[in-house]
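Here are some short exercises for you to try with the structure open on your screen. Work through each task yourself before you read the solution.

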Amino acid sequence: MVSQIVLTGMVLSSMPVGEYDKRLVILTAERGKISAFSRGSRRQNSTMLGATEPCVFGKFTLTEGVKSYTLVGADIQKYYMELRTDIESAYVAFYCLEFASVTTRENLEARQILNLLAATLNALCKKKIPLKLIRRIFELKMLVFNGEYPQVFQCVKCGRTEELQDFSTDMLGTVCTRCKKYTRRTLPVMASTLYALQYVISADIDKLYAFTLKEDVSKEFEFIVDYCVRKVLEQPLKSAKMLDLVMEP
């Protein structure tokens, strides 16, 4: 008898295979990103039809093969149905799923990233803060979890924690007033923007989507996070261009 395992996760992507099957990419808390086949889940009467769609979160029962898993059951806890009726929120959600898929690996515990995805989709469903801000908060926290995030707590050149009024685009971090004259390609950063960056980097996941920013601060925050993402990622995400078009003012 083939042994089964139960993993907590979220479906990142789903693609058709053959006439009735699907190939899933699931981010799991216990084993990171995995690939799994779902037999017959494209049939209209399949009990796994809804459980194999992107964004669903729950517990997945699988059998383990040499190179992939086979899905044999699922206990879905959250479907995020609100995203199916809001096109802008849906685009942000799919962007976040692709971001997680590109930056996670197999056999590496991903509980924090999974929790971040769940919190982000909840925020997208509630829409209590702007979608652009939700996107940038998610991106910055993902950079933190992947260990490549901007240094905004001290000067990247001398280590001082005072008079941090500029951001170095070369070194992805703040510089103090003393070091600015010796640093190329810097841009001014407002104190409120700096605090927002520091807050997202250090805050617990359940407290991330609990603030808004004034328009000028939001634009500066978004610019810095976007710049860092573009510099850290090896190539732009496929969904980024479409998302940018959808979210244009």
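**Exercise 1.** Find the place of Ser-89 in this predicted model, then decide whether Ser-89 is buried or exposed.

*Solution.*
- Step 1: Look along helix α1, which covers residues 87–103; Ser-89 has its place there.
- Step 2: Take the relative accessible area of Ser-89, which is 0%. Buried means under 20%, so Ser-89 is buried.
- Step 3: Now see what surrounds it. With neighbours within four places in sequence left aside, Ser-89 touches Leu-83, Leu-124, Lys-127 and Leu-131.

**Exercise 2.** Work out how helices α2 and α3 are oriented to each other, and which residues make their contact.

*Solution.*
- Step 1: Locate α2 at residues 111–126 and α3 at residues 131–145.
- Step 2: Their packing angle is about 175°, and their axes are 10 Å apart. Angles over 145 degrees count as roughly antiparallel, and α2 and α3 are therefore roughly antiparallel to each other.
- Step 3: List the contact residues. From α2 come Gln-112, Ile-113, Leu-116, Leu-117, Thr-120, Ala-123 and Leu-124. From α3 come Leu-131, Ile-134, Phe-138, Lys-141, Met-142 and Phe-145.
- Step 4: Sort these residues by character: 10 are nonpolar, two are polar and one is charged.

**Exercise 3.** Describe the surroundings of Pro-54, and say whether Pro-54 is buried or exposed.

*Solution.*
- Step 1: Go to the loop between β3 (32–38) and β4 (57–64), where Pro-54 lies.
- Step 2: Check the relative accessible area of Pro-54, which is 16%. With the limit for buried at under 20%, Pro-54 counts as buried.
- Step 3: Collect the contacts of Pro-54, leaving aside neighbours within four places in sequence: Val-11, Leu-12, Ser-13, Ser-14, Phe-94 and Leu-97.
- Step 4: Try one distance too. Tyr-79 is 25 residues from Pro-54 along the chain, and their C-alpha atoms are separated by 9.0 Å.

**Exercise 4.** Which strands stand at the edges of the sheet with the order β7-β6-β8?

*Solution.*
- Step 1: Recall that strands of a sheet pair through backbone hydrogen bonds, either parallel or antiparallel. This open sheet has three strands, and the pairing is antiparallel.
- Step 2: β7 (173–176) and β8 (186–188) each have a single partner strand, so they stand at the edges, and one side of each is left without a neighbour in the sheet.
- Step 3: Compare directions: neighbouring strands of this sheet are turned by 45° against each other on average, direction ignored.
- Step 4: Zoom in on one pair. Strand β6 (residues 164–168) joins β8 over three antiparallel bridges, and Phe-167 has Leu-187 in β8 as its bridge partner.

Definitions and conventions. Residues are numbered from 1 along each chain as its sequence is written. This is a predicted model: local features need pLDDT of at least 70, side-chain atom pairs count only at pLDDT 80 or more; totals for chains, interfaces and linings use all residues. Side-chain values use heavy atoms; hydrogens and water are left out. Two strands pair if DSSP finds at least two bridges between them. Helices (H or I, at least four residues) and strands (E, at least two) are DSSP runs, numbered from the N terminus. Axes are lines fitted to C-alpha atoms, for helices over the stretch in contact, and angles run from 0 to 180 degrees between N-to-C directions. Angles under 35 degrees count as roughly parallel, over 145 as roughly antiparallel, 65 to 115 as roughly perpendicular and the rest as oblique. Contact means heavy atoms within 4.5 Å. Ala, Val, Leu, Ile, Met, Phe, Trp, Tyr, Cys and Pro count as nonpolar, Asp, Glu, Lys and Arg as charged, and the others, Gly among them, as polar. Buried means under 20% relative accessible area, exposed over 50%, partly exposed in between (1.4 Å probe, protein chains only).
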